[in-house]
Amino acid sequence: MGSSVETLEFQAETRQLLRLVIHSIYSNKDIFLRELISNASDALDKLRLESLTDSGLSEIDPAELRIWLEIDKDARTLTVRDNGIGMTRDELVEVIGTIAKSGTAGLLEKIKESKDAGSAETLIGQFGVGFYSAFMVADQVTLLTRRAGTDSGTRWESDGEGTYRLQPVDGLPVGTSVILHLKPADSEDGLADYLSEPRIRQIVKQYSDFIRWPILMATEETDTEGGLARDHATLNSMKALWARPRSEVTEDEYREFYQQISHDWLPPAETIHMRAEGTFEYEALLFVPSQAPFDLFSRETRPGVQLYVKRVFIMDDCEALMPDYLRFVKGVVDAHDLSLNVSREILQHDRQIRGVRRRLVKKVLGALKDMRAKDAERYATVWAQFGRALKEGLVEDADNTETLLELVQAASTHDPQKATSLREYVERMKDGQDTIYYLTGETRATVENSPHMEAFAAKGYEVLILTDPVDEVWVDRVPAYDGHRLQSVAKGMVDLDEPAEGDEEAESEKARREQDFAALLAWLTTALSEQVKQVRLSSRLTTSAACIVGDAHDVTPTLEKMYRAMGQQIPPVKRILELNPAHPLITALRKAHEAGADDPALAGTAELIYGSALLSEGGDLPDPARFTRLLTERLARTL
């Protein structure tokens, strides 16, 4: 060992930064090991690349490159060692000794302005000083390094307070060793026992499992004679499938990896493997599950895409990479150009990450569209599991509305068993029909038995049956599909009996009917003014006496209930009572009104007709007791 020891002082601003790193920035102290292993992996990458162009390093064998973790319980040290590129004395000072070159003054000012530790941690990461996280767990850090192609090495040592020491050292192997003199474990301060092999294994598995280089740790095992023998175990799998060409990955490997990250033992329904190169490089390996998790619609459900940076795990459930309606998608995105300490807040506002998200969404939706075209049966299974979530995208994602509409599958009156797509519905539309008709409700039976459906069924018009709660919302957000307007059969004016142009007899009959019922309709509008805003004749009824409809842009009763359940108070919406002029009850009511409009029994009849119409669509009576009393009184008179 050389005798020339230099003691250098950190600059004042650097000392402030070190104190922040050591005492207040990182909330999770385990990440010190992630940082050191990442640095070691970078050093191995650099040596491999330089060996390709530097003849002096041509004898380097990439198969021999390693990262070692060494625990010495007696000395209370943890060593992270690599045989990578190493550093010269000047490089060591530049890379580790002088943080101020990156603009520490500006960094400190931003940290002081940041309102939470997460933001501060992100700023630290942006300035590349993750090495100093070692001081969170160590009283002293010793670094031994020798650069490939040189003869002498350097020893760097510091307690993280005010100074660091440099000393030339002979006889060091090529590479870098970082020796941490560990602080005692302290659960209150979040300090684990980093001399524990199981703890180290768990940290490596969580953060560094897919690092391309082997991470070895010496283990103690009992030999055949009862003594202790030491061996090296590889802690990481190194199986970053996303970094390999798709042609080199087997279906069994994809399935095994999917099960590892999703804890789902069914094979995925679809595998999406992609690579993007250019200004922002990344790889992605995504999976569409075969079965929805039980908590898919729970508030606590998080997106299933993990973020890596150069194979180093950064975070689970990265919301910035996948919209909420694709929260069922599992997988990994490995970005090459992000900081290891990037925060969720920064990701949400990063322009390049937004671009990655757009491409990932289009890739997933495109894969589902291809599946629907090539394997309808498999797609039907996926839609049954995730269709409700995908329809949320019609509310949230205006940029992909057209693609999502192509994916929609819905029950319909065309087939009692098989769902239909909007494209198939349009292909079956009657001559002259330019509207896609639908009706929302709680169940298929409720919708099929609704009085609103009577005329459509009688005249052979297909109606989509929408029973998911989200259907109430998206149909109002999507005005049309392929130029065809979407219309609820329970909203607005629906006149399937509109007289043909020039049919004077039919037009005369319609005008006569409206004149005959004008007085009754006016009286009912007044008598039921607390419940409805209008009473009119209907063309959508064939067997029922009455039904209740909304104006074209009214909020439906179901949606009104949903808003109120979420704590959003909206004013009650008065709807429209439609009467079937051909029904015996309605014609009898007209005659009774003509005979004596002041008959008090007529008001009760009006209430019964309104209540019956409300019940027939599955609505709630405003006063069930009064309705029951009126009904029993009328029944008693008939006996």
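Visitor: Which residue stands opposite Ala 480 in β20?

Guide: A nice place to start! Arg 485 of β20 is the residue facing Ala 480. Please keep in mind that this is a predicted model. Ala 480 belongs to β19, which spans residues 480–481. Strand β19 is joined to β20 (residues 484–488) by 2 bridges, and these two strands run antiparallel.

Visitor: What is the order of the strands in the open sheet of 6 strands?

Guide: Reading across, you meet β16-β15-β18-β17-β20-β19, and the pairing is mixed.

Visitor: Why is one side of β16 and of β19 left without a neighbour in the sheet?

Guide: Because β16 (415–421) and β19 stand at the edges, each has a single partner strand.

Visitor: What is the order in the open sheet of 3 strands?

Guide: That order is β21-β23-β22, again with mixed pairing. Here β21 (532–537) and β22 (546–549) are at the edges with a single partner strand each, so one side of each lacks a neighbour in the sheet. From one strand to the next, the twist averages 25°.

Visitor: In which sense do β21 and β23 pair?

Guide: They pair in the parallel sense, over 5 bridges, with β23 covering residues 575–579. To see it in the model, find Val 535 and look opposite, where Leu 577 of β23 stands.

Visitor: Which helix lies across β21, β22 and β23?

Guide: Look for α19, residues 601–616, which runs at about 65° to β22.

Visitor: How should I think about side chains along a strand?

Guide: The general idea is that side chains in a regular strand alternate between the two faces of the sheet. Now for a case where we can ask about cover: in β5 (residues 152–158), 5 of the 7 residues are buried, so this strand is mostly covered, with "buried" meaning under 20% relative accessible area.

Visitor: Which strands pair with β5 in the antiparallel sense?

Guide: One of them is β4 (residues 138–146), which pairs with β5 over 5 bridges; there, Thr 145 stands opposite Thr 154. Another is β6 (residues 163–170), joined to β5 by 7 bridges. Across that pair, Arg 155 has Gln 167 of β6 as its bridge partner.

Visitor: Where do glycines with a positive phi appear in these hairpins?

Guide: The hairpin of β4 and β5 has 5 residues between the strands, and Gly 149 takes a positive phi near 90°. The hairpin of β5 and β6 has 4 residues between its strands, and in the turn Gly 160 has a positive phi of about 75°.

Terms used: Residues numbered from 1 in each chain as written. Predicted model: local features only at pLDDT ≥ 70, side-chain atom pairs only at ≥ 80, totals over all residues. Heavy atoms only, no water. Pairing = 2+ DSSP bridges. Axes fitted to C-alpha atoms, helices over the stretch in contact; angles between N-to-C directions. Contact = heavy atoms within 4.5 Å. Buried < 20%, exposed > 50% of the residue type's maximum accessible area, 1.4 Å probe, protein only.
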